[in-house]
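I opened the notebook with two topics to look up, a helix and a metal site. The entries follow in the order in which I took them.

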Amino acid sequence: MSNSLRNIQAILAPPPPHMVGDGFRVHNFFPGNDIIGKKGMSPFFLLDYNARISFGPSKEPRGVGVHPHRGFETLSIAYHGRIAHHDSAGNSGIIKEGDVQWMTAGSGVLHKEYHEKEYSQKGGDFQMVQIWVNLPAKDKMTTPKYQEIPNNSMARHLLSDGVSYMEVIAGNYEGTKGPAFTFTPMEVYNAKLKAGASATLNFPANFNTGLLIIEGSVTINNQPVKPDHFAYFKNEEGDININASSDAIVLVLSGEPIDEPIAAYGPFLMNTWAELEQAVVDVNTGKFGVLEE
Ligand code: MN
């Protein structure tokens with residue numbers, strides 16, 4: 001018996017890129033997209049995609065300087081190149097190719113995000129995703145924390161060809177659980193497919209769901225979807241079939257919507273305007289700590 005297919009609502013081409021600082025050239029798929037809407041694809045509020053580009057060598061690492069966050073999480077996935085970060089609590093680290101950093105900004109961090117020094121000096125391919133994952137109201141002011149998820153700690157679910165796999169970052173793919181803790185139910189995977197491989201996904205109808213083609217030639221539910229494009233699904237029951245005709249990587253996002261009001265301003269994501277004003281006051285009065293440029 002074969003299940004019905006979950007229909008694609010729209011295939012989005014990458015919007016024109018903009019620079020975040022001087023180190024990230026991103027296509028913003030949402031929020032603000034006419035089809036997905038101002039509230040993003042809850043619980044995923046924002047999707048910035050640095051499609052693969054090559055940076056030349058630079059002595060001064062390119063990146064984005066000191067800035068705050070409050071009320072959500074940043075999920076950074078590096079496909080090519082390396083990123084370094086520092087925050088006002090003294091934390092720092094490097095996100096290498098294939099690694100994930102899941103930062104819970106919660107009550108607030110000041111941080112900066114740069115190309116890692118050695119990568120910067122050599123230059124080369126750079127490709128990454130940053131997703132802003134919303135937090136429910138009760139957890140918005142949780143203590144900040146990091147989940148560093150190196151590639152070798154991710155769960156791998158082998159697919160039927162025996163070499164392709166679902167790399168599970170968060171959630172549970174057919175019994176294989178990802179390492180990330182999440183505050184609300186969500187599924188985040190990289191489908192890493194060899195030419196000729198296929199994978200089937202199935203999520204609850206109410207889960208907001210989208211697939212970003214990181215590389216390769218794929219069809220999704222028999223429709224070709226080009227690299228760097230985003231397939232956005234309807235909220236309905238049904239399978240999602242991915243077929244790869246070349247080696248491919250597909251980022252899979254699906255999550256239960258957080259049905260709460262959204263108040264967004266710059267790097268803050270809260271429920272009310274008063275909470276946004278408080279965030280600005282707290283940054284200006286040093287409650288997020290200090291961090292040198
Ligand atoms: Mn940031």
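Entry 1, the outward face. I worked from a predicted model. I looked first at helix α2 on the face turned away from its buried side, and there I found the exposed residues W273 and N284.

Entry 2, dimensions. I noted that α2 covers residues 273-284, 12 residues in total. From first C-alpha to last, α2 reaches 17 Å, close to the 16 Å expected at 1.5 Å a residue.

Entry 3, the inward face. Which residues of α2 are buried? I recorded L276, A279 and D282. Seen down the axis of α2, these buried residues fall within an arc of 120°, so they line one face of the helix. I noted the general reason: an α-helix has 3.6 residues a turn, so residues three or four places apart point the same way.

Entry 4, packing partners. I then asked what the buried residues of α2 pack against. The partners are two strands, β25 (263-265) and β26 (268-270).

Entry 5, the end of the helix. Just after α2, I found G286 with a positive phi of about 80°.

Entry 6, the metal site. I looked up the protein donors of the manganese ion: NE2 of H67, H69 and H111, together with OE of E113. These donors lie 2.1 to 2.3 Å from the ion. Along the chain I read their spacing as H-x1-H-x41-H-x1-E. H69 belongs to strand β5 (residues 63-69) and H111 to strand β10 (residues 109-115), so the pair ties together parts that are 42 residues apart in sequence.

Entry 7, burial at the metal site. Are H69 and H111 buried or exposed? I recorded both H69 and H111 as buried.

Conventions
Residues are numbered from 1 along each chain as its sequence is written. This is a predicted model: local features need pLDDT of at least 70, side-chain atom pairs count only at pLDDT 80 or more; totals for chains, interfaces and linings use all residues. Side-chain values use heavy atoms; hydrogens and water are left out. Helices (H or I, at least four residues) and strands (E, at least two) are DSSP runs, numbered from the N terminus. The expected span of a helix is 1.5 Å times one less than its number of residues. Buried means under 20% relative accessible area, exposed over 50%, partly exposed in between (1.4 Å probe, protein chains only). The arc is that of the directions from the helix axis to the C-beta atoms. Contact means heavy atoms within 4.5 Å. Donors are N, O and S atoms within 2.8 Å of the metal (3.2 Å for Na, K and Ca); water is not among the atoms, so sites may look incomplete.
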